[in-house]
Amino acid sequence: MGTVTPEKLAGGLRAGNIKPVYFLGGEEIYRKKQIIAQLKKLISPDDFNYFSCDGDKTPSQEILSLAQTPPVFANERLIVINRAEKIKLKDKKSLIEYLGNPLGTTCLVLVSEERKKTDALLKACEEAGEAAVFYGLRENEAHSWVMARAEKAGLSITAQGAKLLVDSAGTDLTALSMEIDKLAIYLSGTAGLITPELVLESLGFSKEENPYELASLIMRRDQKGAMSLIDRLIESGSTPVQLLNIITGTLVKLIKVKRLETAGLDQQSIAAQAGLNFFERDFVAQARDFAPAAALTDALARSLEYDRDLKTSSGSEPGVTLKSLVFKILSGGRAKRS
């Protein structure tokens, strides 16, 4: 009993260990749904023994009545309370009293966005059963999750393909899972290797319209190529904000790399601290050709202004805005070699 990691909680369910109470906190939705799915599979409740509601729409008296009622022609019942962070204070007190001595034949699951260990419901659930906080994944964690999820689907994905998928869909696991399911259908009957090219095709991009080639062109200081690609990408449906995020992400890495190199770190340490992947192995050497970090920081400040303009549809035409930023990044002049 107590607070455990999401992985340990899931492992306990795989072993068939069901607690009378669970608190599933945090903002990450996909894995919380997976836990509830595991519980449904273990308990197999019918309509008489399963109840789901929102905590802010159901009186605590109704929740408690259901929780304290023995299952009907079954060994256990499952009750899921969503939006538990919205339960009113007086109703929380009633629930906490129940959690002091929960019915053994009821499995009560409180699903909340709350993540503070001081939350009264979380603490009560720790003592009565188990609590876990499901934080949103960082990018490197999402890369690993994608590779594991692909393997579970009978596929394999290259590290570059996993990064591209996360760069495109973000770290939301529901979106990533849907993309992997699409790729599984797309690769049906093949060897099942997910390459960056296949990721792009699945996302609707042609090889010639790879938005992530934009970062590569910037790093190679290919101004003409970058600006031409921006036009083609916008014409083929890429959103200006998506392209701005790619440009800004490249700019942030550039600034990190230049500052770390100035601090005297070796190339391996720079790559680790700047969050570079193995296929960005030329990034450190390429960064030396760019203007000093201070000049690049000015370009980053400008990118934040452009982000606001693009999201509010104000300012100049989006393609012009993006090309203006690329020009500012590349026109700072090559850094002087010692």
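So, Thr 250: at a relative accessible area of 6%, this residue is buried. Keep in mind that we're looking at a predicted model. Thr 250 sits in helix H12, which runs over residues 240-262. And what does Thr 250 touch, once you leave out residues up to four places away in sequence? You get Ala 215, Ile 218, Met 219 and Phe 283.

Okay, hang on to Ile 218, and let's go to the nonpolar core. The largest one has 57 residues, and the ones with the most contacts inside it are Val 146, Leu 214 and Ile 329. Which helix gives this core its largest share? That's H12, with nine residues.

Take Ile 329 from that trio. Again skipping anything up to four places away in sequence, Ile 329 touches Ile 218, Ile 247, Leu 251, Phe 290, Leu 296 and Ala 299. So there's Ile 218 once more, as a contact of Ile 329 and also of Thr 250.

There's a second core too, separate from that one, with 22 residues, including Phe 23, Leu 108, Leu 110 and Leu 121.

Phe 23 brings me to Ser 112, as it's one of the residues Ser 112 touches. Ser 112 is in the loop between strand E5 (106-111) and helix H5 (120-128). Is this loop serine buried or exposed? Ser 112 counts as buried, because its relative accessibility is 3% and the cut-off for buried is under 20%. Its side chain reaches the backbone nitrogen of Glu 114 at 2.8 Å. Leaving out residues up to four places away in sequence, the contacts of Ser 112 are Phe 23, Leu 24, Gly 25, Gly 26, Lys 32, Ala 84 and Glu 85.

Last bit: backbone torsions. Two residues to flag here if you're going through phi values.

One is Phe 73, where phi is near 50 degrees, so a positive value in a residue that isn't glycine. You'll find Phe 73 in the loop between helix H3 (60-67) and strand E4 (77-82). With 87% relative accessibility, Phe 73 counts as exposed.

The other is Arg 221, also not a glycine, with a positive phi of about 60 degrees. Arg 221 is in a loop as well, between helix H10 (213-219) and helix H11 (223-236). Why does Arg 221 count as buried? Because its relative accessibility is 17%, and buried means under 20%. So on the positive-phi side we have an exposed phenylalanine, Phe 73, and a buried arginine, Arg 221.

Conventions:
Residues numbered from 1 in each chain as written. Predicted model: local features only at pLDDT ≥ 70, side-chain atom pairs only at ≥ 80, totals over all residues. Heavy atoms only, no water. Helix = DSSP H or I, 4+ residues; strand = E, 2+ residues; numbered from the N terminus. Buried < 20%, exposed > 50% of the residue type's maximum accessible area, 1.4 Å probe, protein only. Contact = heavy atoms within 4.5 Å. Core = buried A, V, L, I, M, F, W, Y, C linked by side-chain atoms within 4.5 Å. Polar contact = N/O pair within 3.5 Å; in protein donor to acceptor, adjacent residues only side chain to side chain.
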